[in-house]
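Let's walk through this structure together, from its strands to its helices and charged pairs. Keep the 3D view open as you read.

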Amino acid sequence: MMSDFPVFFDYIEKTSGKQLSEDDKRLLMAHFKPKKLRKRQYFLQEGDVCKYIGFIVKGSARTFAVDDKGHEHILKLSVENWWLADFESFFLLTPSRFNIEALEPLEILQSTHAEIEQFLKHIPAFSAMTNVINQNYAIAAQKRMLASNSYTAEERYEELIRSYPHFLQRFPQNMIASYLGLSPETLSRIKKNFLK
């Protein structure tokens, strides 16, 4: 799984705009552990503390919550070059309210909270990358709140196509519907109208 690291290093350098030194690379390789998950295997289950953060090298996953009635609500769909974690649980060490499940066989590089803190202190490119990711997450969260509170179903679908067109190829329609907060029937109708 050493072949996973060039992709990871490339991602860090592109996102941060900074170069990793050979020492930085050695440190990351020593502390990010390759892990494989089978399809339908959980990276995290509700009630557990999120002890690891994972970088997706290959595959996809979903982050979802289950309500009192047993209905699943997908908060996030993740693909290659995305991070897996419940960040609240990971940073505050509190029990998670979410499940993170592999939707395809998943290859990740994972690390712990203590190790991430070390990378932030000692690897400038990792620290810069984290700042960029935090900004992007804040913007994405704001967009998602706006969409769920004030967009029509059609507008939410259009926003998805604009932001993540590849999702339509990667994820089944029922999951896209759940992610958008729509019933599968509503999504089906929107897609038909969209194609007219």
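Two strands are said to pair if DSSP finds at least two bridges between them. Helices (H or I, at least four residues) and strands (E, at least two) are DSSP runs, numbered from the N terminus. This is a predicted model, in which local features need pLDDT of at least 70 and side-chain atom pairs count only at pLDDT 80 or more, while totals for chains, interfaces and linings use all residues. Residues are numbered from 1 along each chain as its sequence is written, and side-chain values use heavy atoms, with hydrogens and water left out.

A good place to start is strand β7 (99-102). Four antiparallel bridges join β7 to strand β4 (residues 61-66), and within that pairing R62 has E101 of β7 as its bridge partner. Strand β2 (residues 42-44) is also joined to β7, by two bridges and again in the antiparallel sense; here L44 stands opposite I100. Is β7 covered on both faces or open on one? Both faces are covered, with N99 and E101 on one side and I100 and A102 on the other, all of them buried. Buried means under 20% relative accessible area, exposed means over 50%, and partly exposed is in between (1.4 Å probe, protein chains only).

Now turn to the open sheet of four strands, whose order is β1-β8-β3-β6 with antiparallel pairing. Its edge strands, each pairing on one side only, are β1 (33-37) and β6 (83-84). Strands of a sheet pair through backbone hydrogen bonds, either parallel or antiparallel. Within this sheet, β3 (residues 52-58) and β8 (residues 106-112) run antiparallel and pair over six bridges. You can follow the register from Y52, whose bridge partner in β8 is T112, to F55, whose partner there is L109. On the β6 side, β3 is joined by two bridges, once more antiparallel, and F55 stands opposite W83.

Why is β3 largely enclosed by the rest of the structure? Five of its seven residues are buried, so the strand has little left uncovered by its surroundings, being largely enclosed.

Two loops offer a backbone detail to look up. N81 sits in the loop between β5 (72-78) and β6, and its phi is near 70°, a positive value in a residue other than glycine. With a relative accessible area of 32%, N81 is partly exposed. L93, in the loop between α3 (87-92) and β7, also has a positive phi for a residue other than glycine, near 55°. L93 counts as exposed, at 54% relative accessibility.

Among the helices, look at α8 (residues 173-180) and α9 (residues 184-195), whose axes come within 9 Å and cross at roughly 100°. That makes α8 roughly perpendicular to α9. Axes are lines fitted to C-alpha atoms, for helices over the stretch in contact, and angles run from 0 to 180 degrees between N-to-C directions; those under 35 degrees count as roughly parallel, over 145 as roughly antiparallel, 65 to 115 as roughly perpendicular and the rest as oblique. In the contact (heavy atoms within 4.5 Å), Q173, I176, A177 and L180 of α8 meet P184, L187, S188 and K191 of α9.

Finally, the charged pairs. How many salt bridges does a search of the whole structure find? The search finds eleven, a salt bridge being a side-chain nitrogen of Lys or Arg within 4 Å of a carboxyl oxygen of Asp or Glu. One of them joins D10 to K14, with the closest N and O atoms 3.0 Å apart. Both residues lie in helix α1 (residues 4-16), four residues apart, about one turn of the helix. D10 is partly exposed at 37% relative accessible area, whereas K14 is exposed at 65%.

E80 and R170 form another, their closest N and O atoms being 2.8 Å apart. This pair links distant parts of the chain, 90 residues apart: E80 is in the loop between β5 and β6, and R170 is in helix α7 (residues 167-170). R189 and E154 also form a salt bridge, at 3.6 Å between the closest N and O atoms. Since R189 lies in α9 and E154 in helix α6 (residues 153-163), the pair ties together parts that are 35 residues apart in sequence. To close where we began, R62 and E101 belong to a network of salt bridges that also links R40 and E72.
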